[in-house]
Amino acid sequence: MITAKGLYKRYRKTVAVDHLSFDVRPGVVTGFLGPNGSGKSTTMRLMLGLDHGEGETLFDGKRFGTIRRPINEVGALLEAKPFHPTRSARNHLRMLAAGNRIPDRRVDEVMEFVGLGDVKRKKPKGYSLGMAQRLGLAQALLGDPRILLLDEPTNGLDPHGIHWMRDVLKTLAAEGRTIFVSSHLLSEMQLMADELVVIGRGTMIFNGDVDTFVREFTQSQVVVRGPDTAGFTAALEAEGGEVKAEDGALVVSGLEIGKVGHLAFTTGVELHELSTRRASLEEAFMSATGASEEFVAKEPVRAGGPAAPEGEAL
Amino acid sequence: MLDALRFEWTRLLTLRSTYWLIGMGLLVTTGVAVLLGVAGRNDPISTEVLWIALNGAAGFGLPFLAVFMAIIGIFACGHEYRHGTIQPTLTSLPQRNRLILAKLAVVLTTTLAVTIVQMAINLGVVYVVWGEAPGLFEDPLGTALIGYVLYVLLYVLVGFGLGLLFRGVPSALVVIFLMPLIIENMIFGLSNIPQLDWLVPVVKFLPFTDGARLMELAAPDFGPGAPDFDLFSRWASGGVFALFAALILSAAWILFKKRDA
């Protein structure tokens with residue numbers, strides 16, 4: 001269990017993390033989302049005492065700095081390639097293991113587990129970003145900790161690697177561990193995370209389960225399909241629904257599925273499909289954090305844009 | 001603390017640079033002894049020659065071993081920041097005081113061991129060439145050799161402090177080479193110019209120059225017409241160098257505790 005209370009960090013005039021408080025429960029994967037520059041990495045560094053700021057984070061009731069041999073209780077992956085280029089991957093882990101009374105046998109175990117067993121004696125400077133991420137995960141898992149903090153662990157991984165990472169984290173969570181993971185891959189997070197902490201400009205936007213987040217920040221739609229639904233539009237609109245036609249179906253916003261079904265029944269409209277269309281996590285994220293973007297890029301110009309090569313859509 | 005020492009010891013031993021820096025230091029200092037042996041093998045060995053042979057030319061201003069070991073000292077913290085390993089290091093050993101103490105203990109112990117080994121190798125060369133080492137344990141040679149060991153240790157301490165202070169390698173290297181070779185030599189040289197005689201009282205506070213006096217065989221003689229620098233004694237000069245090392249290390253340590261990693 002991770003309990004963060006009143007985390008606050010200021011860089012001169014900029015408040016990077018603004019009194020964040022949240023809990024990360026064991027047994028589930030908790031995703032940490034926010035736009036670029038929203039303070040995710042700073043929050044994680046504050047939690048681990050790498051950055052100085054205000055507030056307190058407790059890992060199973062203990063402050064990180066007071067834990068003796070912390071790798072055995074909290075595993076962390078914060079940077080993509082925090083390795084000395086001429087020290088072999090195995091020796092990098094041996095060094096960390098030596099400070100936490102972890103036998104070399106465990107080093108070989110985690111190297112095999114992350115799929116780097118064959119290259120463990122090679123230097124990380126020759127590793128791809130994906131391999132470096134695997135080594136980072138091996139580092140986090142070295143002490144077989146109950147808590148994992150991972151900052152963008154899927155960066156640089158190929159689709160197989162991402163799938164593998166997702167399975168690993170879900171399996172670790174199922175073992176009752178506390179998993180706190182940030183990622184920009186929202187589709188991946190939708191498959192991986194059970195709960196979310198969403199921040200924007202250092203402030204809390206949402207803390208709860210994924211379904212509630214999507215529900216809270218998007219409008220679910222009802223899809224209606226039938227042999228003759230043309231006349232049904234007026235009835236739906238009369239009840240306050242917003243209707244648009246899409247691939248021979250009506251897509252209704254602003255009305256619950258029960259209400260639409262009841263309306264069809266009372267107006268005698270035959271239906272072949274009546275279903276709810278859920279918004280994606282990405283749509284919810286865009287809706288929730290749209291105003292909190294730190295760095296806003298210009299929208300691409302489709303035709304006649306200065307950067308688009310001729311005849312090529314952006 | 002034992003965990004931190006184990007960590008730091010493994011860190012040092014798993015770096016290739018540790019081996020080539022120590023190897024280079026031993027090779028160059030042994031080379032000095034061999035060179036002296038080749039040049040003076042037909043003459044009886046004097047105290048001055050023995051002194052230079054044992055400290056590998058550090059006595060006349062070329063502290064090879066101290067420089068190579070100081071680079072190891074710079075790497076102790078400088079590498080951590082240069083390659084970003086400070087993050088896994090501090091998530092492995094979050095108690096910052098303990099980490100620095102362990103780093104200091106390992107670097108200084110290694111330096112002490114390597115310096116003693118270097119002197120033993122050079123003594124071996126002296127015995128092979130001349131078959132004797134007259135006055136080895138007597139004053140002033142014995143004291144000068146103890147001063148040499150202290151000088152190397154303090155030089156490494158300065159390097160360590162600079163690596164931690166600058167949180168990197170290049171700036172620390174520049175300072176540790178630039179200061180004794182250029183800045184202090186320039187101040188010393190300029191102080192001999194009558195128009196700049198206000199620099200004379202500064203000379204006895206030049207830290208690296210003072211440090212080098214720890215290993216001197218005799219008080220320096222700057223010749224007739226040289227200003228009276230009113231230099232400190234051997235141990236007081238060593239104290240200036242030690243104070244300089246302590247100031248750098250204290251500043252670096254305080255900042256290490258206060259700064260974000």
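B:L178 counts as exposed, because 11 C-beta neighbours lie inside 10 Å and a residue is called exposed if that number is 12 or fewer. This residue belongs to helix α8 of chain B, which covers residues 170-191, and the model in which it is described is a predicted one. From this exposed position in chain B, the briefing passes to a helix of the same chain with buried residues, then to the strands of chain A, and finally to the domains of chain A and the contact between the chains.

**Helices of chain B**

- The C-alpha atom of B:L178 is separated by 27 Å from that of B:I116, and the two residues are 62 residues apart along the chain.
- Helix α11 of chain B, made of residues 234-258, has 25 residues and spans 36 Å from its first C-alpha to its last, which is close to the 36 Å expected at 1.5 Å a residue.
- In α11(B) the buried residues are B:S237, B:G238, B:F241, B:A242, B:F244, B:A245, B:I248 and B:A252.
- An α-helix has 3.6 residues a turn, so residues three or four places apart point the same way.
- The buried residues of α11(B) pack against two other helices of chain B, namely α7 (141-166) and α10 (207-212).

**Parallel strands of chain A**

- Strand β7 of chain A (residues 147-151) is largely enclosed by the rest of the structure, because five of its five residues are buried.
- From β7(A), A:I147, A:L149 and A:D151 point one way while A:L148 and A:L150 point the other way, and all are buried.
- Strand β6 of chain A (residues 74-77) likewise has residues pointing to two sides, with A:V74 and A:A76 facing one way and A:G75 and A:L77 the other, and all of them are buried.
- β6(A) and β7(A) pair in the parallel sense over four bridges; within this pairing A:V74 stands opposite A:I147, and A:L77 has A:L150 as its bridge partner.
- β7(A) is also joined by five bridges to strand β8 of chain A (residues 178-182), and these two strands run parallel, with A:L149 standing opposite A:F180.
- Between β7(A) and β8(A) the chain crosses through helix α5 of chain A (residues 159-174), and this β-α-β crossover is right-handed.

**Antiparallel sheet of chain A**

- Strands of a sheet pair through backbone hydrogen bonds, either parallel or antiparallel.
- Chain A has an open sheet of four strands in the order β2-β1-β4-β5, and the pairing in this sheet is antiparallel.
- The edge strands of this sheet are β2 (14-24) and β5 (62-63) of chain A, each of which pairs on one side only.
- Strand β1 of chain A (residues 2-11) is joined to β2(A) by seven bridges, and the two run antiparallel, with A:L7 standing opposite A:L20 in β2(A).

**Domains of chain A and contact with chain B**

- The domain assignment divides chain A into domain 1 (2-215) and domain 2 (219-278), and the C-alpha centres of these two domains of chain A lie 44 Å apart.
- Where the chains touch, 29 residues of chain A are in contact with 24 residues of chain B.
- Helix α2 of chain A (residues 89-98) contributes five residues, the largest share of the side of chain A that touches chain B.
- The residues on that side of chain A divide into 13 nonpolar, nine polar and seven charged.

Definitions and conventions
Residues are numbered from 1 along each chain as its sequence is written. Chains are lettered from A and ligands numbered from 1 in the order in which they are written. This is a predicted model: local features need pLDDT of at least 70, side-chain atom pairs count only at pLDDT 80 or more; totals for chains, interfaces and linings use all residues. A residue is buried if 20 or more other C-beta atoms lie within 10 Å of its own, exposed if 12 or fewer, and partly exposed in between; C-beta atoms are placed from the backbone. Two strands pair if DSSP finds at least two bridges between them. The expected span of a helix is 1.5 Å times one less than its number of residues. Two residues are in contact if their C-beta atoms, placed from the backbone, lie within 7 Å. Domain bounds come from an automatic or database domain assignment. Ala, Val, Leu, Ile, Met, Phe, Trp, Tyr, Cys and Pro count as nonpolar, Asp, Glu, Lys and Arg as charged, and the others, Gly among them, as polar. A crossover is right-handed if, with the strands pointing away from the viewer, the path from the first strand over the helix to the second runs clockwise.
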